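Colleague: I am new to this structure and would like a close look at one part of it, namely how helices pack against each other. Please set that part in its surroundings as you go.

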Amino acid sequence: MTNQIAAQNSATQSPREVAVRASHVTMDFGGVLAVNDASFELEKGRFLTILGPSGSGKTTLLRMIAGFQKQTAGEITINGKPVDAAPPHRRSIGMVFQKLALFPHMTAAENVAFPLKMRRFNPRQIAGRVDQFLDLVKLGGYGNRRINELSGGQQQRVAIARALVFEPDLLLLDEPLAALDVKLREEMQLEFRRIQHELGVTTINVTHDQREALVVSDNIIVMDGGRIQQQAEPVELYRAPENPFVAGFLGLSSFVEGTATADGNMQVGDLVVQGEPADDFAAGTKVLAAIRAEQIRLAGTREALGNCDMKLEGRVSDTIFEGERQMYVVEVGALSGATFRVYHHDPDSFGLFHVGDTVALGWNRRDLKIFSPAA
Amino acid sequence: MPEIPSKDDPRTTFRYPLRWRIMDALNNGLDRFWPARMSPYTGWALIMPALLLVGLLVLGLFEMAESSLHTLDRATFLPSEAYTLENYQTVIESATYGRVVTRSVFAAGLTVFFTLLLALPYAYIMVRTTSSVVRKTLLVVLFLPFFIGQVVRAYGLLIILGTTGVANNALGLVGIEPIRLLFNFPAVVFGLVQYMLPFAVLMLAPALTAIPRETETAASSLGANWLQSFRHVVIPMAKPGLIGAGLVVGTLALTDFAMPAMLGGGSQDFIANAIYDQFFRTADQGLGAALALLLVVLGSVIVGVVISIFGAGTLGMGGKK
């Protein structure tokens, strides 16, 4: 119930107040730019995920927002106030750590009470508040357990309750789900979403797991090499990547190199490949095209493909069974041997095509994005 | 490609390297001497020498217990024939020995307190610093006194704290008359703390290393300043190390000989000094043995009480209290 109301709120109430603003934030570790001129805004009550491979600077950016590290240039404001001079314990930020960092010498309830005691809440309200938040994370009745008496999932929940119990302005999640097995991870992703919707707390999550980012977030920032590559809502980010990195990092894309034509398409050899330009490039320059594995159709013959803007023949060079679908690697001679990875859902008979078979590939123009590679 | 002959190929004529053959022969001999079915007892066999060594000490204790039951005949300088508890009575009734025991226990307590107080920040910085130069410097400074030995160290303190020493010279610069810094109780405690600090730091360092850095980071994100974080997180989590270090420092200080002898100048005797006097000055073996056994009992009782209240800390080898 509350979920739906909160979800509606986030859809209708705009424009909203900005909760976190980073402007030109840079972190220079002795010549290595861990974060390079990062600027973004996050509206109040939103769930933002910073997504990137390891070493992309996403954790450094989060640690600067938390106050554990001081940026070498740029400014961070939380609720309109610059926080650069404030140490972590003076910022109103709850954080869930990768290794949880629960206090092993305290019970679950004592862990949750810790920030309330440190922040000098009214001692008479502490017990009630601790119970309320243990209930929120579905751990009512577990307060007296020691940390090592709780399961991995329960420890996650204690860590969440501890980070939220003092009603911080901002919740930071530093890859807390990375170490969990897949089932538990997916369960906890939905839990994070439920709790975030229930409390409406502004949240920044850091992860390298693209699925997690798409599932939990209202907004995603993709980082690589210390730079913000793109910030967008999940669907837009997936559908309209702004550069080859984002196209390759989310989902499974195949890339083809070629030369730009005057009308914004791409030429490979004699063949003109129709696509959608993702940025501006001059005719004759080298360009890179990307298309996702699920946006390519596969059939035995061109006719069987149905309506497609682009149809080509290829040869199957590898087949990989992934359970719910089959992935084919297809080599296209007309595109100077470029390989395409294609997902094929085939409810009736798995393994319709075999290595060496000649197959027809097809896609629609809008699904092939063309980038200038040095963007 | 050159053909590699198979192991069983009759054409392969080679000898294993000498070192391999020696090791193989040793292994074969060992297999015959200590067959595989004996392997459950291997551990016991390996600790036998150590057990024998400690057992010898226990044997000595029994002998000492025996001699503590004979008084010294002042006329013949031979121990009495009859068994008597007179030596223990002498120790218990003597005001001097009462003072010596109180002094030893009190000094050991003070030494534990000050040593842990100084060792905790030292070990903490050594473990937490991000600079390897700082860590190595702290380690070297910590180990240097080990190479010097207790007697030379005590002698060094005699020179530094003497009436014409560095300390008094420094006081003289600010216009303070030379004061007697040596041969009193504080001097002995000072020497003991200085002596025990490396032991305590070395015992605390692993306990502090076991505290994840992220736990402290978490405390600070939850609103704790560094003092609160130290009090509510670091010290409780380092408790096993503090207890282990406290027990080691306390027992070493309680039984110390050199510091009270040299820095106390004979006026600040500990139990060990009293024992020495009986054995080697008055040659009253019986009284010395009685004192020694009392020291063993006293130390065991104190350690026992501490362990029953706080647990054995890192000395418990991870076993539950």
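Modeller: Helices, of at least four residues, and strands, of at least two, are taken here as DSSP runs and numbered from the N terminus. The model is a predicted one, and it is worth keeping that in mind throughout what follows.

Before the helix packing, a word on the surroundings. In chain A, an unreviewed UniProt entry lists residues 20–250 as "domain: ABC transporter", and over that stretch the chain is 36% helix and 27% strand, with the end C-alpha atoms 25 Å apart. Chain A meets chain B through 25 residues on its own side and 16 residues of chain B. Between them the two chains bury about 1,600 Å², of which 67% is on carbon and sulfur atoms. On the side of chain A, the residues that lose the most area to chain B are A:His89, A:His105 and A:Met118, which together account for 33% of what that side buries.

The helix packing I would like to show you lies in chain B. For this chain, an unreviewed UniProt entry lists residues 101–306 as "domain: ABC transmembrane type-1", and over those residues the chain is 81% helix and 0% strand, while the end C-alpha atoms are 19 Å apart. The UniProt annotation "transmembrane region", likewise from an unreviewed entry, covers several stretches of chain B, including residues 41–62 and 241–263. Over residues 41–62 of chain B the chain is 95% helix and 0% strand, with 29 Å between the end C-alpha atoms; over residues 241–263 of chain B the chain is 87% helix and 0% strand, with the end C-alpha atoms 29 Å apart.

Now to the part itself, which is helix H8 of chain B, residues 185–209, and the helices that pack on it. Helix H4 of chain B, residues 95–128, packs against H8(B) at an angle of about 45°, their axes being 6 Å apart. Because of this angle, H4(B) counts as oblique to H8(B), and H4(B) passes H8(B) in a right-handed crossing. Sorted by class, the contact of H4(B) with H8(B) has 23 nonpolar, three polar and two charged residues.

Helix H6 of chain B, residues 150–161, also packs with H8(B), at an angle of about 135° and with the axes 11 Å apart. This angle makes H6(B) oblique to H8(B), since only angles over 145 degrees count as roughly antiparallel. H6(B) passes H8(B) in a right-handed crossing. From H6(B), the contact is made by B:Gln150, B:Arg153, B:Leu157 and B:Leu161, and from H8(B) by B:Phe190, B:Gly191, B:Gln194 and B:Tyr195. By class, that contact has four nonpolar, three polar and one charged residues.

For comparison, consider a pair elsewhere in the chain. Helix H2 of chain B, residues 42–67, and helix H14 of chain B, residues 285–310, pack at an angle of about 125° with their axes 8 Å apart, and so H2(B) is oblique to H14(B). Here H2(B) passes H14(B) in a left-handed crossing. On H2(B), B:Leu61, B:Met64, B:Ala65 and B:Ser67 meet residues of H14(B), among them B:Gln285, B:Gly286 and B:Ala289. The contact of H2(B) with H14(B) has seven nonpolar, three polar and no charged residues.

Note on methods
Residues numbered from 1 in each chain as written. Chains lettered and ligands numbered in written order. Predicted model: local features only at pLDDT ≥ 70, side-chain atom pairs only at ≥ 80, totals over all residues. Heavy atoms only, no water. Axes fitted to C-alpha atoms, helices over the stretch in contact; angles between N-to-C directions. Parallel < 35°, antiparallel > 145°, perpendicular 65-115°, else oblique. Left-handed = near helix turned anticlockwise from the far one by under 90°. Nonpolar A, V, L, I, M, F, W, Y, C, P; charged D, E, K, R; others polar. UniProt positions renumbered as here; feature names shortened; annotations may be inferred. Contact = heavy atoms within 4.5 Å. Buried area = accessible area lost by both parts, 1.4 Å probe.
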